[in-house]
Amino acid sequence: QLQLVESGGGWVQPGGSLRLSCAASGFTLDYYAIGWFRQAPGKEREGVSCIDHRGGSTKYAESVKGRFTISRDNAKNTVYLQMNSLKPEDTAVYYCAAVWGMATMRSNLYDYWGQGTQVTVSS
C-alpha cells in the first residue's frame with residue numbers, strides 16, 4: 001500500500017522552529033515531486049512549498065519565503081520542511097503530497113497524501 005506519513009509537528013512560541021518530515025512507504029520517491037500544504041480551521045488549503053524529484057528546484061509561498069526551507073533525502077525516502085521564525089498565522093495542519101511529474105503548488109494535481117501533522121504557534 002502506498003503511504004506518506006508526516007511527523008515533527010507540535011507547539012512552539014512565536015519565533016521558534018520546527019522541522020517536519022514526510023516519509024514514504026510502499027513506493028520510492030525518486031521520481032516524485034513533493035509538495036507541502038497547510039489548512040487552518042475555516043480556511044482553504046494552501047500550498048506552502050514544493051520540490052522536484054531531484055531537489056534541484058523549489059518553490060515557496062510568499063508568506064513563508066525566507067523562513068521555510070524544503071529539502072529531500074531520496075536515500076531515506078524522506079522530504080523535510082524546516083520552519084524558522086514561526087508566526088501565529090502559521091498555525092495549521094500540514095500535509096505532504098506526492099506527484100509523478102513536475103513540482104506544483106496546485107493541490108488538485110497530487111496523487112498521494114499524508115494524514116497531516118498539527119503545527120501550533122502561540123504564546
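Let's start with a cysteine. C50 is buried, with a relative accessible area of 0%. Keep that residue in mind. One caveat before I go on: this is a predicted model.

So which cysteines do pair up? C22 and C96 form a disulfide, and their sulfur atoms sit 2.0 Å apart. The count for the model comes to 1 disulfide. The link is right-handed, with 70 degrees about the S-S bond. C22 lies in strand β3 and C96 in strand β9, residues 92–100, so the pair ties together parts that are 74 residues apart in sequence. C22 is buried, at a relative accessible area of 0%. C96 is buried as well, with a value of 0%.

Back to C50. It is in no disulfide. The nearest cysteine sulfur is that of C96, and it is 13 Å away. The cut-off for a disulfide is 2.5 Å between the sulfur atoms.

Next, the sheet that holds β3. What is the strand order? It is β1-β3-β8-β7, 4 strands in an open sheet, with antiparallel pairing. Look at the edges. β1, residues 3–7, and β7, residues 68–73, each have a single partner strand, so one side of each is left without a neighbour in the sheet. The twist averages 15 degrees from one strand to the next.

Inside that sheet, take β3 and β8. β3 covers residues 18–25 and β8 covers residues 78–83. They run antiparallel, joined by 6 bridges. For a landmark on screen, find S21: it stands opposite Y80 in β8.

Now β9, the strand that carries C96. How many of its residues are buried? 7 of 9, so β9 is mostly covered. Here are its pairings, one by one. β4 and β9 pair in the antiparallel sense over 8 bridges. In that pairing, G35 has A97 in β9 as its bridge partner. β9 and β11 also run antiparallel, joined by 3 bridges. There, A92 has V119 of β11 as its bridge partner. Then comes β10, residues 112–113, which pairs with β9 in the antiparallel sense over 2 bridges. A97 turns up again here, with W113 in β10 as its bridge partner.

On to the packing. The largest nonpolar core has 28 residues. Which of them have the most contacts inside it? L29, W36, L81, M83 and Y94. Several strands feed this core. β3, β4, β5, β7, β8, β9 and β11 each supply at least two residues. For the ranges, β4 is 32–39, β5 is 46–51 and β11 is 117–121.

Zoom in on L81. Leaving out residues up to four places away in sequence, L81 touches L18, R19, L20, W36, V48, S49, F68, T69, I70 and Y94. Two of those names, W36 and Y94, were on the list of residues with the most contacts inside the core.

There is another core, apart from the largest one, and it has 7 residues. Among them are F37, A97, V99 and Y110. A97 is the residue we just met as the bridge partner of G35.

Last topic: backbone angles. Most residues other than glycine have a negative phi. Two residues here go the other way. N77 has a phi near 55 degrees. S85 has a positive phi of about 50 degrees, and S85 is not a glycine.

Where do they sit? N77 is in the loop between β7 and β8. S85 lies in the loop between β8 and β9. Buried or exposed? N77 is buried, with a relative accessible area of 14%. S85 is partly exposed, at 40%.

What does N77 reach? The side chain of N77 comes to 2.9 Å from the backbone oxygen of F27. A polar atom of that side chain also lies 2.8 Å from the backbone nitrogen of L29. Setting aside neighbours within four places in sequence, N77 is in contact with C22, A23, A24, F27, T28 and L29. Notice two names there. C22 is half of the disulfide. L29 is one of the residues with the most contacts inside the largest core.

That's the tour. Happy to take questions.

Definitions and conventions:
Residues numbered from 1 in each chain as written. Predicted model: local features only at pLDDT ≥ 70, side-chain atom pairs only at ≥ 80, totals over all residues. Heavy atoms only, no water. Pairing = 2+ DSSP bridges. Axes fitted to C-alpha atoms, helices over the stretch in contact; angles between N-to-C directions. Buried < 20%, exposed > 50% of the residue type's maximum accessible area, 1.4 Å probe, protein only. Core = buried A, V, L, I, M, F, W, Y, C linked by side-chain atoms within 4.5 Å. Contact = heavy atoms within 4.5 Å. Polar contact = N/O pair within 3.5 Å; in protein donor to acceptor, adjacent residues only side chain to side chain.
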